[in-house]
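This briefing is for a reader meeting the structure for the first time. It begins with the ligand, then turns to a small set of strands and two loop residues.

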Amino acid sequence: MFTDRVSSLQPEGAYAVLDRAQALEAQGRKILHLEIGQPDFQTFPHICQAGIRAIENGQTRYTSPAGMPALRQAIADYESERLGLPIGPERIVVGPGAKPGLFFPTLALVNPGDEVIYPDPGFPTYEAMIRVAGGIPIPIPLREENQFSFDLEVFDRKISDRTKLVILNSPANPTGGVIPLDDLRHIAAKALAFGCWVLSDEIYGHLAYDGLIVPSIASLPGMLEHTVVVNGFSKTYAMTGWRLGYMVMPPALAERVELLLTHSIGCTAAFTQVAGIEALTGPQEMIAEIVAEYQRRRDFIVPGLNAIKGVSCQVPQGAFYVFPNVKSFGLSSKEIARRLLDEAGVAVLAGTDFGSGGEGYLRLCYATSVETIDQALGKMAGFFKSL
Ligand code: PLP
């Protein structure tokens, strides 16, 4: 009855678990939420005020599909500094969140039958958008022993003349892993040799710990003309519900993507874009404070998990997720996640919500208070002891 394009679509695990957790709360159960991946901070007041003023000033109309010129310029300046390359506004396309930045370039680049390489475990939208575009998903395992960077041996075997696009995500959801510069160099050399594009999801680019600066593949020689960088405001500026993100890409591709936006969403809300200009050009000190707070929470949750017999957890370098290994219990990730919710009242995601490569792992989001994390660790310790 429906097209192949939509028949293969699956719900996102995070929303499915949130629904179930909320149903239990409606029955009076207390649930500790470590499932959904969004900052627990409110959007900073000066950004909210800019949005409110924009509505009051009548900035409630259509804008150019690719975004307001002033926002595209502000993003171009910001990305020029971040990537260390001169980036003009003609390379920037704004959209409602980072997600359109994943979907539309894929539609613009992938023909039916083209192969697309992507991380497994990885953000579920990657596989969904590859299938909607009619592409062939080619998962590359992320291995714990490589700090969850790409398995380059498998990558070398899978990349070929049939590969149209390579999707990267660093720092990564769900593992918190960061792809080291040497791995990026290796991937870039292969992408250039096979003439394929790279889509680099850098939405967590500012959320890295221990002073780490996350490298971007777009900054490597020759790569700017073959890369779509996806970034946005959701995570860095705690603006998930505003819906604001963008892409950086070569101007000819930007024109095509702008046409897809024109005929689908039309444009991004004007007052949201004004808030985005304030986010980029206003004070930035709060970001360092927030990163320090996430690092404090990471440094609390990782030892707490490792203290539970049978659980082992690496120290992730970025994002706000931990990906503990629970293979020793001999149960599937799905079963452990379901029972943790039902029996212990702790909402987490199964590693397999991010692809079959996530079997044997759980994903916990630590963008929540230390008190909540502490209570969740206590409940998890009791649950695992009872197995
Ligand atoms: N990319 C990754 C890796 C994510 O984890 C998320 C959100 O969780 C997104 C993209 C989507 O971001 P946005 O809310 O800006 O669309």
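A backbone N or O atom of Ala98 lies 2.8 Å from an oxygen atom of the ligand. The model is a predicted one, and the distances and areas below are computed from it. The points that follow cover the ligand site, the sheet around strand E12, and the residues Thr43 and Ser312.

**Ligand site**

- Besides the backbone atom of Ala98, which is 2.8 Å from a ligand oxygen, two side chains have polar atoms placed by oxygen atoms of the ligand: Asn173 at 2.8 Å and Lys235 at 2.7 Å.
- The ligand on its own exposes 400 Å², and 92% of that area is buried by the protein.
- There are 13 residues around the ligand, and those that come nearest are Asp201, Tyr204, Ser234, Lys235 and Arg243.
- Lys235 therefore appears twice in this account, once in the list of nearest residues and once through its polar side-chain atom, 2.7 Å from a ligand oxygen.- By residue class, the shell around the ligand holds 5 nonpolar, 4 polar and 4 charged residues.

**The sheet around E12**

- Three strands form an open sheet in the order E9-E12-E11, and their pairing is antiparallel.
- E9 and E11 are the edge strands; each has a single partner strand, so one side of each has no neighbour in the sheet.
- Strand E9 covers residues 321-322 and pairs with E12 over 2 bridges in the antiparallel sense.
- Within that pairing, Tyr321 has Cys365 of E12 as its bridge partner.
- Strand E11 covers residues 349-350, and its antiparallel pairing with E12 also runs over 2 bridges.
- Here Leu349 is bridged to Arg363 of E12.
- Is strand E12, residues 362-365, covered on one face or on both? Both faces are covered: Leu362 and Leu364 are buried on one side, and Arg363 and Cys365 are buried on the other.

**Thr43**

- Thr43 sits in the loop that runs between strand E1 (32-33) and helix H3 (45-56).
- Thr43 has a relative accessible area of 13%, so it counts as buried, the cut-off being under 20%.
- The side chain of Thr43 reaches the backbone oxygen of Ala238 at 2.7 Å, and it also makes a polar contact of 3.1 Å with the side chain of Trp242.
- Leaving out residues up to four places away in sequence, Thr43 touches Cys48, Tyr237, Ala238, Met239 and Trp242.

**Ser312**

- Ser312 lies in the loop between helix H11 (285-306) and strand E9.
- Is Ser312 buried or partly exposed? Its relative accessible area is 33%, so Ser312 is partly exposed.
- Ser312 and Pro324 are 12 residues apart along the chain, and their C-alpha atoms are separated by 5.6 Å.
- Pro324 is also one of the residues that Ser312 touches, along with Glu144, Asn306 and Asn325, when residues up to four places away in sequence are not counted.

Notes: Residues numbered from 1 in each chain as written. Predicted model: local features only at pLDDT ≥ 70, side-chain atom pairs only at ≥ 80, totals over all residues. Heavy atoms only, no water. Near = heavy atom within 4 Å. Polar contact = N/O pair within 3.5 Å; in protein donor to acceptor, adjacent residues only side chain to side chain. Areas by Shrake-Rupley, 256 points an atom, 1.4 Å probe, with all protein chains shown as cover. Nonpolar A, V, L, I, M, F, W, Y, C, P; charged D, E, K, R; others polar. Buried < 20%, exposed > 50% of the residue type's maximum accessible area, 1.4 Å probe, protein only. Helix = DSSP H or I, 4+ residues; strand = E, 2+ residues; numbered from the N terminus. Pairing = 2+ DSSP bridges. Contact = heavy atoms within 4.5 Å.
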